[in-house]
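Let's take a walk through this structure, going from charged pairs to nonpolar cores and then to a few individual residues. Keep the viewer open and click along.

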Amino acid sequence: MAEQKQRIGDDMDLQEYKYELDAGLARNEYPTFPPENKSLMAQFLTREIFEELKDVKSPNGFTLARAINTGVKNPTSQCGIHAGDVETYTLFKKIFDPVIEGWHAGFKPDSKHPIDVELDSALLKGDIKDKSMIISTRIRCARNLDGFPLAPAMTSSQPKSDIQNLMKEAFAEMKDDLAGTYYSLEDMSDEIRTQLIEDHFLFKGKDKKQADSGYHQWWPIGRGIFHNKAKTFLSWINEGDHIRVISMEKGGDVRGVFDRFARAVGAVEASVKSKRGTGFVRHERFGHIACCPSNLGTGLRAGVHIRLPCLSKKGLDELQKICDPYRLQVRGIHGEHSQIEDGIVDLSNQCRLGYSEVELVQMLIDGLNTVIDLEKKASEEA
């Protein structure tokens with residue numbers, strides 16, 4: 001028998017995937033957490049908080065049971081809780097606030113994220129002194145649209161389709177270097193699919209933790225990918241959050257990548273506002289809202305792949321100590337928990353919340369200059 005053609009996202013056979021609540025949560029019962037469940041939600045959710053909030057519903061009908069379903073069903077979850085709309089963060093603040101403080105160290109219940117800070121690369125100070133060690137640069141953010149429920153609170157595929165249709169119109173208005181083409185996962189040709197895989201652009205809804213929050217229902221309806229002609233500006237639609245905006249290129253032009261990122265984010269929101277009157281959804285304390293508390297605030301990850309043949313020999317832990325003053329995270333090139341390969345590491349901002357996008361990119365520039373100076377010194381002494 002001929003091998004059946006693989007479908008997008010069929011690691012979990014998402015086209016037949018059925019979202020279900022944990023059996024106990026379906027009965028609105030306080031969950032029992034096994035010892036291996038180390039999620040922040042499991043640490044902070046007391047029986048008293050559960051009983052107080054279990055019957056509360058957001059304007060979109062989102063409940064505490066649905067919010068914590070992923071953390072109950074997946075003991076390896078880190079946050080273990082997702083939001084269904086902007087109101088979730090206020091209605092269920094007794095559990096979300098400690099989770100947010102636990103994840104975004106230092107962001108207290110009375111802290112406030114800086115909002116309406118201008119996205120402008122001209123506000124950055126200085127530049128990378130020597131870009132020759134940097135292999136590639138990537139800056140991305142998560143954004144959600146005002147007036148739509150977040151993915152976990154959606155009860156039909158219609159909002160996803162509506163978001164996709166709106167974003168098709170927005171992308172059609174992109175100008176100059178931001179202009180490009182949108183590809184829907186619903187009707188993607190084999191040729192386009194193969195090319196997107198080769199470019200490492202194609203996302204797959206295979207994350208079980210996200211699936212158990214309801215992210216991947218009605219797959220692949222309403223999902224798609226946009227990229228400009230140069231393939232340096234990408235946007236994912238309904239992968240998890242409504243929109244991901246990504247700016248990337250080979251080399252170490254962090255300022256240039258951030259400039260394109262800022263222009264893309266601004267152009268997308270301006271186009272949406274012109275059609276709906278509103279743009280991205282924001283919270284008075286948390287700034288930009290995302291499904292996962294880890295992406296609140298800026299929802300930004302700005303990072304590079306950099307070759308550090310000398311410093312990398314000291315291992316991830318020693319490199320992390322160097323980067324800690326700049327609030328940068330050191331990872332292997334394959335992401336969280338991966339190891340260094342061929343002396344190449346991933347350096348990116350640890351923080352999302354409590355700092356503006358410009359501040360986070362500035363930390364990246366300053367930290368990279370320190371790391372590059374130390375690498376050169378180690379090379380000279382070798």
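Start with an acid that sits inside: Asp 212 is buried, at 3% relative accessibility. Keep in mind as you look that this is a predicted model. The side chain of Asp 212 meets that of Lys 73 in a salt bridge, with 3.7 Å from N to O. In sequence the two partners are 139 residues apart. Asp 212 belongs to the loop between helix H9 (208-211) and strand E3 (224-228), whereas Lys 73 is in helix H4 (residues 64-73), so you're looking at a link between distant parts of the chain. Lys 73 itself is partly exposed, at 29% relative accessibility.That pair isn't on its own, as a search of the whole structure finds 19 salt bridges. Another of them joins Lys 275 and Glu 173, whose closest N and O atoms are 2.6 Å apart. Lys 275 lies in helix H10 (residues 254-276) and Glu 173 in the loop between helix H7 (158-172) and strand E2 (180-184), so this bridge ties together parts that are 102 residues apart in sequence. Here both ends are partly exposed: Lys 275 has a relative accessible area of 30%, and Glu 173 comes in at 38%.

Next, find Asp 199 and Lys 231, another salt bridge, with 2.7 Å between the closest N and O atoms. Asp 199 is in the loop between helix H8 (190-198) and H9, and Lys 231 is in the loop between E3 and strand E4 (233-237), so parts that are 32 residues apart in sequence get tied together. Lys 231 counts as partly exposed, at 29% relative accessibility. Now swing back to Asp 212: salt bridges with shared partners join Lys 73, Lys 208 and Asp 212 into one network.

Time to leave the charges and go for the grease. In soluble globular proteins, nonpolar side chains tend to be buried together. The largest nonpolar core in this model has 55 residues, and the members that touch the most others are Leu 145, Met 167, Ile 306, Leu 347, Val 361 and Leu 368. Which helix gives the most to this core? That's helix H12 (residues 357-381), with 9 residues.

Pick Ile 306 to see who surrounds one of those well-connected members. Leaving out residues up to four places away in sequence, Ile 306 touches Met 133, Ile 134 and Ile 135, then Gly 343, Ile 344, Val 345 and Leu 347, and finally Leu 368 and Ile 372. There's also a second, separate core of 34 residues, with Leu 40, Leu 45, Ile 49 and Leu 296 among them.

What about the cysteines? The structure holds 0 disulfides. Cys 141 has the sulfur of Cys 291 as its nearest cysteine sulfur, and that is 14 Å away. Cys 141 is also buried, with a relative accessible area of 0%. For Cys 292 the nearest cysteine sulfur, that of Cys 79, is 4.2 Å away. A disulfide would need the two sulfurs within 2.5 Å, and Cys 292 is in none. Cys 292 counts as buried too, with a relative accessible area of 15%.

Finally, two polar residues whose side chains reach a backbone oxygen. Arg 255 is found in helix H10 and is partly exposed, at 22% relative accessibility. A polar atom of the Arg 255 side chain lies 3.0 Å from the backbone oxygen of Ser 121. Beyond its neighbours within four places in sequence, Arg 255 is in contact with Ser 121, Ala 122, Leu 124, Lys 125, Gly 126, Asp 127 and Ile 365. If you'd like a sense of scale, the C-alpha atoms of Arg 255 and Trp 219 are separated by 36 Å, with the two residues 36 apart along the chain.

The other one is Asn 228, in strand E3. Is Asn 228 buried or exposed? Buried, at 1% relative accessibility. A polar atom of the Asn 228 side chain is 2.8 Å from the backbone oxygen of Asp 177. Not counting residues up to four places away in sequence, Asn 228 touches Asp 177, Leu 178, Ala 179, Gly 180 and Phe 233. For a look across the model, jump to Phe 92: its C-alpha atom and that of Asn 228 are separated by 40 Å, and the residues are 136 apart along the chain.

How values were computed
Residues numbered from 1 in each chain as written. Predicted model: local features only at pLDDT ≥ 70, side-chain atom pairs only at ≥ 80, totals over all residues. Heavy atoms only, no water. Salt bridge = Lys/Arg side-chain N within 4 Å of Asp/Glu carboxyl O. Helix = DSSP H or I, 4+ residues; strand = E, 2+ residues; numbered from the N terminus. Buried < 20%, exposed > 50% of the residue type's maximum accessible area, 1.4 Å probe, protein only. Core = buried A, V, L, I, M, F, W, Y, C linked by side-chain atoms within 4.5 Å. Contact = heavy atoms within 4.5 Å. Polar contact = N/O pair within 3.5 Å; in protein donor to acceptor, adjacent residues only side chain to side chain.
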